[in-house]
Amino acid sequence: MSVTTAHRLRLLAAIALVIPLGYALRVTPTLPEWSRNFLGNIAYCLLWSLMVAVLVPKLPALRLAIIGSGLVVLIEFSQLIEFDWLNDLRSHRLGSLILGSGFTWIDQLEYLLAAPINSVILQSVLARHWLLRCFDCRT
């Protein structure tokens, strides 16, 4: 297996972990609402950063985190657009999870705060730490 293939498999494994984790963080009733939103937004930015890393695997962690947060900010601003077809997509659960359902300014601040946090997380993922060591890049 090539280094790039193993790297992408590690990133896909991380994506597979982040999706249910982010969803769980958003719906856990025992957490205060502000922390559910903030932690969920961090996971959402991380998800987009990991997806960019799958497409462009050689980008450094900080750049991936900034791009991921930037994409999420654009998605958040797209919620101000009121096209019928876009609203139809958002009316479904999956569309709402991907595209969001309502613009809020506090989310913008949380996405900006997510970039440095996700940079640290991405650095760990890219450095093959913790659980993701199951894919060996040396072959």
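At what angle do helix 2 and helix 6 pack? The answer is about 55°, with the two axes 8 Å apart. Keep in mind that this is a predicted model. Below is a quick tour of three helix pairings and two pockets, with helix 2 turning up again and again.

**Helix 2 with helix 6**

- An angle of about 55° is neither under 35 degrees nor in the 65 to 115 range, so helix 2 counts as oblique to helix 6.
- Helix 2 goes past helix 6 in a right-handed crossing.
- On the helix 2 side, the residues that touch helix 6 are Asn37, Phe38, Asn41, Ile42, Tyr44, Cys45, Leu46, Ser49 and Leu50.
- Facing them from helix 6 are Asp107, Glu110, Tyr111, Leu113, Ala114, Ile117, Asn118, Ile121, Leu122 and Val125.
- Sort this contact by class and you get 13 nonpolar, four polar and two charged residues.

**Helix 2 with helix 3**

- Helix 2 covers residues 33-55 and helix 3 covers residues 61-78; their axes come within 8 Å and cross at roughly 120°.
- That angle makes helix 2 oblique to helix 3.
- The crossing of helix 2 past helix 3 is right-handed.
- Helix 2 brings Tyr44, Cys45, Trp48, Ser49, Val52 and Ala53 to the contact.
- Helix 3 answers with Leu64, Ala65, Ile67, Gly68, Ser69, Leu71, Val72 and Ile75.
- If you go through these residues by class, you find 11 nonpolar, three polar and no charged ones.

**Helix 3 with helix 6**

- The axes of helix 3 and helix 6 also get within 8 Å, and they cross at roughly 150°.
- Angles over 145 degrees count as roughly antiparallel, so helix 3 is roughly antiparallel to helix 6.
- This crossing is right-handed.
- From helix 3, the touching residues are Ala61, Leu62, Leu64, Ala65, Ser69, Val72, Val73, Glu76 and Phe77.
- From helix 6, the partners include Trp105, Asp107, Gln108, Tyr111 and Ala114, and also Asn118, Leu122 and Leu126.
- The class tally for this contact is 13 nonpolar, five polar and two charged residues.

**The largest pocket**

- The largest pocket holds about 800 Å³ of space.
- It has 32 lining residues, and Arg26, Tyr44, Ser96, Leu97 and Ile98 are the closest to its centre.
- Two or more lining residues come from each of helix 1 (3-27), helix 2, helix 3, helix 5 (93-99) and helix 6 (105-126).
- Which helix gives the largest share of the lining of the largest pocket? That would be helix 2, with nine residues.
- By class, this lining splits into 16 nonpolar, 10 polar and six charged residues.
- Tyr44 is worth finding in the structure: it is among the residues closest to the centre of the largest pocket, and Tyr44 is also part of the contacts of helix 2 with helix 3 and with helix 6.

**The second largest pocket**

- The second largest pocket has about 190 Å³ of space.
- Of its 14 lining residues, Val18, Leu21, Ala43, Leu46 and Ile121 are the closest to the centre.
- Helix 1, helix 2 and helix 6 each give at least two residues to this lining.
- The lining of the second largest pocket is made of 13 nonpolar residues, one polar residue and no charged ones.
- Two of the residues by its centre are familiar: Leu46 and Ile121 also take part in the contact between helix 2 and helix 6.

Key: Residues are numbered from 1 along each chain as its sequence is written. This is a predicted model: local features need pLDDT of at least 70, side-chain atom pairs count only at pLDDT 80 or more; totals for chains, interfaces and linings use all residues. Side-chain values use heavy atoms; hydrogens and water are left out. Axes are lines fitted to C-alpha atoms, for helices over the stretch in contact, and angles run from 0 to 180 degrees between N-to-C directions. Helices (H or I, at least four residues) and strands (E, at least two) are DSSP runs, numbered from the N terminus. A crossing is left-handed if the near helix is turned anticlockwise from the far one by less than a right angle, and right-handed if clockwise. Contact means heavy atoms within 4.5 Å. Ala, Val, Leu, Ile, Met, Phe, Trp, Tyr, Cys and Pro count as nonpolar, Asp, Glu, Lys and Arg as charged, and the others, Gly among them, as polar. On a 1 Å grid over the protein atoms alone, a cavity is a set of points where a 1.4 Å probe fits but cannot get out, and a pocket is an open set with protein on both sides within 12 Å along at least five of seven lines; lining residues have an atom within 4 Å of a point. Grid points are joined across faces, edges and corners, and a volume is the space filled by probe spheres set on the points.
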